[in-house]
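The following exercises are to be worked through with the sequence and the coordinates at hand. Each task is followed by a solution in steps.

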Amino acid sequence: MKTIGGLVAGAMLLAIYYVEGIEDHRGLSAEYTQGPEALSWLRKNHNESALASNRFPETRDAIRLVQQLYSAGAQRVIVPAATIQNDGDETYADALVVTLPADPTKRQSVWKLCAQELRREGGKPSEQADEDQVLLWWD
């Protein structure tokens, strides 16, 4: 009886690991997939440093990165609504979500830019993107 109980418990544990593994690879949670288009949001923002001031001293520096992402072929770049803060005087955020294109050459070009930013924050990105969206977050 103990053997059967052990087998059942082991099977349940494996099922939990399997389901959690699937969830980990489904992409970003919904709170990070909604928000304004980044270039438009940055251009309309009157904050001197609207995005990750520890990375982009001025808003125009953040605009440059978003333009580079689009030039490389990014399908879309948004500012996740969950990361937008307003302290009463200024509106700012500390993240972007980049949607990678399907075209393999463009995808690799966009991923290369994203990977540079991920490494800059101490991440260890793979050589190729595993997901269609990349969260860039600056601490």
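**Exercise 1. Surface charge**

Task: In this predicted model, determine which residues gather in a patch of negative charge on the surface.

Solution: The patch is formed by Glu48, Asp87, Asp89 and Glu90. To place one of its members, note that Glu48 belongs to the loop between α2 (38-44) and α3 (59-72). Next, examine its accessibility: the relative accessible area of Glu48 is 60%. Because exposed means over 50%, Glu48 is classed as exposed.

**Exercise 2. The order of the elements**

Task: State how many helices and strands the chain has, and in what order the elements run from the N terminus.

Solution: The secondary structure consists of 4 helices and 5 strands. Read from the N terminus, the elements follow the order α-α-α-β-β-β-β-α-β. As for burial, 32% of the 139 residues of the chain count as buried.

**Exercise 3. An unusual backbone angle**

Task: Identify which residue has a positive phi although it is not a glycine, and decide whether this residue is buried or exposed.

Solution: Begin with the general expectation: most residues other than glycine have a negative phi. Ala52 departs from this sign, with a phi of about 40°. Ala52 is located in the loop between α2 and α3. Its relative accessible area is 5%. Because buried means under 20%, Ala52 counts as buried.

**Exercise 4. An aromatic pair**

Task: Find which residues form an aromatic pair, and describe its geometry.

Solution: The count comes to 1 aromatic pair. The partners are Phe56 and Trp138, with ring centres 5.1 Å apart and planes at 80°. Because an angle over 60 degrees counts as edge-to-face, the pair falls in that class. Then locate the partners: Phe56 is in the loop between α2 and α3, and Trp138 in the segment after β5 (133-137), so the contact ties together parts 82 residues apart in sequence. Both Phe56 and Trp138 are buried.

**Exercise 5. Salt bridges**

Task: State how many salt bridges the structure holds, and analyse the pairs of Arg55, Glu58 and Asp61.

Solution: The structure holds 4 salt bridges.

- Step 1. Arg55 is paired with Glu117 at an N to O distance of 2.7 Å. This bridge links distant parts of the chain, since Arg55 lies in the loop between α2 and α3 and Glu117 in helix α4 (residues 104-120), 62 residues apart. Glu117 is buried, with a relative accessibility of 6%.
- Step 2. Glu58 is paired with Arg60, and their closest N and O atoms are 2.9 Å apart. Glu58 is partly exposed at 30% relative accessibility, whereas Arg60 is exposed at 52%.
- Step 3. Asp61 is paired with Arg64 at 3.0 Å, N to O. The two residues are 3 residues apart in helix α3, so about one helical turn separates Asp61 from Arg64. Arg64 has a relative accessible area of 45% and is partly exposed.

**Exercise 6. Separation in sequence and in space**

Task: Determine how many residues separate Leu135 and Thr99 in sequence, and what distance separates them in space.

Solution: Leu135 is part of strand β5. In sequence, Leu135 and Thr99 are 36 residues apart, while their C-alpha atoms are 9.1 Å apart in space. Leu135 counts as partly exposed, with a relative accessibility of 28%.

Terms used: Residues are numbered from 1 along each chain as its sequence is written. This is a predicted model: local features need pLDDT of at least 70, side-chain atom pairs count only at pLDDT 80 or more; totals for chains, interfaces and linings use all residues. Side-chain values use heavy atoms; hydrogens and water are left out. Patches are made of residues with over 30% relative accessible area and no salt bridge: like charges are joined within 9 Å, nonpolar side chains (Val, Leu, Ile, Met, Phe, Trp, Tyr) within 5 Å. Accessible areas come from the Shrake-Rupley method with a 1.4 Å probe; for residues, only the protein chains shown count as cover. A salt bridge is a side-chain nitrogen of Lys or Arg within 4 Å of a carboxyl oxygen of Asp or Glu. Lys and Arg count as positive and Asp and Glu as negative; His and the chain ends are not counted. The place of a charge is taken as NZ of Lys, CZ of Arg, CG of Asp or CD of Glu. Buried means under 20% relative accessible area, exposed over 50%, partly exposed in between (1.4 Å probe, protein chains only). Rings of Phe, Tyr and Trp (its six-membered ring) pair if their centres lie within 6.5 Å; planes under 30 degrees apart count as stacked, over 60 as edge-to-face and the rest as tilted.
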